[in-house]
Amino acid sequence: MLFKLFQTKSRVEVWLYDNTELKIEGRLIGFDEYMNCVLDEAEEVFVKKSQAADQQQCTRRPIGKMMMKGDNICLICKLEDEEAA
């Protein structure tokens, strides 16, 4: 599955281990056997849930190209293309 995302240079969302409020989005351009990943056009997405009304506040910060160590990755999933939505 990861190899298919790499081949198609798909946009992915990465959930971080032990940090539920922060997710990373970007294009998967490389990975290795330890699941270390290289993302291009990466963005930090900070999701803060409001206690009063079940609403979410989302803050984005562009990062650019980044390398993530596999130890910090909990889940990788494909994001739907904005053009198809």
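This is a short dialogue on reading the fold, core and salt bridges of a predicted model.

Me: Where should I start, and how many helices and strands does the protein chain have?

Reply: Begin with the elements and their order along the chain. This predicted model has one helix and five strands, and from the N terminus on they run α-β-β-β-β-β. The C-alpha atoms fill a box of roughly 45 × 30 × 25 Å along the principal axes.

Me: In what order do the strands lie in the sheet?

Reply: Read a sheet from one edge to the other, noting who sits beside whom. Here the sheet is open, with the order E4-E3-E2-E1-E5 and antiparallel pairing. Strand E4 (56-68) and strand E5 (73-78) are at the edges with a single partner strand each, so one side of each has no neighbour in the sheet. From one strand to the next, the twist averages 25°.

Me: Could we look at one pair? How many bridges join strand E2 and strand E3?

Reply: Follow the two strands and look for residues facing each other. Strand E2 (residues 19-31) and strand E3 (residues 37-49) are antiparallel and share eight bridges. For a landmark, find Gly30, which stands opposite Val38 in E3.

Me: Which residues touch the most other members of the largest nonpolar core?

Reply: Look for buried nonpolar side chains that touch one another. The largest such core holds 14 residues, and Val14, Ile24, Leu28, Leu39 and Met68 touch the most other members. Helix H1 (2-7), strand E1 (11-16), E2, E3 and E4 each contribute at least two residues to this core. Leaving aside residues up to four places away in sequence, Val14 touches several residues, including Ile24, Leu39, Met68 and Ile73. Across the protein chain, 31% of the 85 residues are buried.

Me: And the charged residues: how many salt bridges does a search of the whole structure find?

Reply: Find the oppositely charged side chains that meet, then check which partners are shared. The search finds seven salt bridges. In one of them, Glu43 pairs with Arg11, with the closest N and O atoms 3.3 Å apart. Glu43 is in strand E3 and Arg11 in strand E1, 32 residues apart. Arg60 forms a salt bridge with Glu25 (2.9 Å, N to O) and another with Glu43 (2.7 Å, N to O). Since Arg60 lies in strand E4 and Glu43 in strand E3, this last pair ties together parts 17 residues apart in sequence. Through shared partners, Arg11, Glu25, Glu43 and Arg60 join into one network.

Me: Is Glu25 buried or exposed?

Reply: Compare its relative accessible area with the cut-off: buried means under 20%. Glu25 has 8%, so Glu25 is buried. Arg11, at 15%, also counts as buried, while Arg60, at 43%, is partly exposed.

Definitions and conventions. Residues are numbered from 1 along each chain as its sequence is written. This is a predicted model: local features need pLDDT of at least 70, side-chain atom pairs count only at pLDDT 80 or more; totals for chains, interfaces and linings use all residues. Side-chain values use heavy atoms; hydrogens and water are left out. Two strands pair if DSSP finds at least two bridges between them. Helices (H or I, at least four residues) and strands (E, at least two) are DSSP runs, numbered from the N terminus. Axes are lines fitted to C-alpha atoms, for helices over the stretch in contact, and angles run from 0 to 180 degrees between N-to-C directions. A nonpolar core is a set of buried Ala, Val, Leu, Ile, Met, Phe, Trp, Tyr and Cys residues joined through side-chain atoms within 4.5 Å. Buried means under 20% relative accessible area, exposed over 50%, partly exposed in between (1.4 Å probe, protein chains only). Contact means heavy atoms within 4.5 Å. A salt bridge is a side-chain nitrogen of Lys or Arg within 4 Å of a carboxyl oxygen of Asp or Glu.
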